[in-house]
Amino acid sequence: MRKAFVLLTLLFVTISCGDSFHSSIPNVGNFVFEVDMLQAKYQPLRISGQFVLETKNKFNLPLGYGGIIIGNSYFNGYCAFDAACPVEASRDIVVKISADGLGKAVCPKCKTEYDLNNNGAPNGVGTEYLKKYYVNISGQDKLYISN
C-alpha cells in the first residue's frame, strides 16, 4: 500500500509540474523591453485596468510576435501579452484594445474577445489565451517585459 501511495504521489508531481502548453504564437528571439512609467504614454499603467500596446522598441525593431500589450490588471497586477491573435497566429492580425477601459481586446478578424484583466482569457471562437510574457518590477517606476 505504501509503495502504491509513493508511486501515485510521484506520478501526480510529474504531471502537475510539466508545462505541456504550447502557444500557437511562435517564440521570438530573446528580448527585454523597459517601460518607464514616468513617461506620459505609460502613466496610465499606474491605474488598475489600464493597458497600452507597443509594437516596436526604441530601435524600431518589432516587439514580441505581433506587438506587446502591457497592463495593470485588476486581478493580477502588472502583466504583458503578445498582441497577435492565437486563432489567426499571424503578425499582421493583432488584437485591438477596447477604448471603453474595461480591459478587453478584440481580434478584428475572428472577433474573439480577450479579457486582459483575466490573464487574456478568450470569449468567442478562440479557446487559447493570449500568449503571456514575464514582467519584472523595479522600484515604483520601471517594468521590464521579457520572454
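In what order do the four strands of the open sheet with strands 5 to 8 stand, and is the pairing parallel or antiparallel? The order is 5-6-7-8, and the pairing is antiparallel. This report describes a predicted model, beginning with its sheets and continuing with selected residues.

## The four-stranded sheet

Strand 5 (96-97) and strand 8 (121-123) are the edge strands of this open sheet, each pairing on one side only. Two bridges connect strand 5 with strand 6 in the antiparallel sense. Within this pairing, Lys 96 has Val 106 of strand 6 as its bridge partner.

## The six-stranded sheet

A further open sheet is built from six strands in the order 1-10-9-4-3-2, again with antiparallel pairing. Its edges are formed by strand 1 (32-36) and strand 2 (50-54); each has a single partner strand, so one side of each is left without a neighbour in the sheet. From one strand to the next, the twist averages 25°. In general, the strands of a sheet are paired through backbone hydrogen bonds, in either a parallel or an antiparallel manner.

Several pairings in this sheet can be followed residue by residue. Strand 9 (residues 132-138) and strand 10 (residues 142-146) run antiparallel and are joined by five bridges. Here Val 135 is matched with Ile 145 of strand 10 as its bridge partner.

Strand 3 (residues 68-73) is bridged to strand 2 and to strand 4. Five bridges link strand 2 to strand 3 in an antiparallel arrangement, and Gln 50 has Asn 72 in strand 3 as its bridge partner. On the pairing with strand 4 (residues 77-82), six bridges are found, and the two strands again run antiparallel. Ser 73 is placed opposite Gly 77 of strand 4, and a hairpin of three residues leads from strand 3 to strand 4.

How many of the six residues of strand 3 are buried? Six of the six are buried, so strand 3 is largely enclosed by the rest of the structure. Side chains in a regular strand alternate between the two faces of the sheet. In strand 3, both faces are covered: Ile 68, Ile 70 and Asn 72 are buried on one side, while Ile 69, Gly 71 and Ser 73 are buried on the other.

## The aromatic pair

One aromatic pair is found in a search of the whole structure. Phe 31 and Tyr 133 form this edge-to-face pair, with 5.3 Å from centre to centre and 75° between the planes. Phe 31 belongs to the loop between helix 1 (2-17) and strand 1, whereas Tyr 133 belongs to strand 9, so the pair ties together parts that are 102 residues apart in sequence. Phe 31 is buried at a relative accessible area of 14%, and Tyr 133 is likewise buried at 7%.

## Cysteines

How many disulfides does a search of the whole structure find? The search finds zero. A disulfide is a covalent bond that connects the sulfur atoms of two cysteines. For Cys 110, the closest cysteine sulfur is that of Cys 107, at 3.7 Å, which is too far for a bond. Cys 110 is buried, its relative accessible area being 15%. Cys 79 is also buried, with a value of 5%.

## Pro 86 and its surroundings

Pro 86 lies in the loop between strand 4 and strand 5 and is buried, with a relative accessible area of 6%. Once neighbours within four places in sequence are set aside, Pro 86 is in contact with Ser 24, Ile 25, Tyr 114, Glu 128, Tyr 129 and Leu 130. Between Pro 86 and Thr 112, the separation is 26 residues in sequence and 9.6 Å in space, C-alpha to C-alpha.

## Residues with positive phi

Two residues that are not glycines are listed here with their positive phi. Asn 60 is located in the loop between strand 2 and strand 3. Lys 111 is located in the loop between strand 6 (104-106) and strand 7 (113-115).

| Residue | Phi | Relative accessible area |
|---|---|---|
| Asn 60 | about 65° | 56%, exposed |
| Lys 111 | about 70° | 56%, exposed |

Key. Residues numbered from 1 in each chain as written. Predicted model: local features only at pLDDT ≥ 70, side-chain atom pairs only at ≥ 80, totals over all residues. Heavy atoms only, no water. Pairing = 2+ DSSP bridges. Axes fitted to C-alpha atoms, helices over the stretch in contact; angles between N-to-C directions. Phe/Tyr/Trp six-rings, centres within 6.5 Å; stacked < 30°, edge-to-face > 60°. Buried < 20%, exposed > 50% of the residue type's maximum accessible area, 1.4 Å probe, protein only. Disulfide = S-S within 2.5 Å. Contact = heavy atoms within 4.5 Å.
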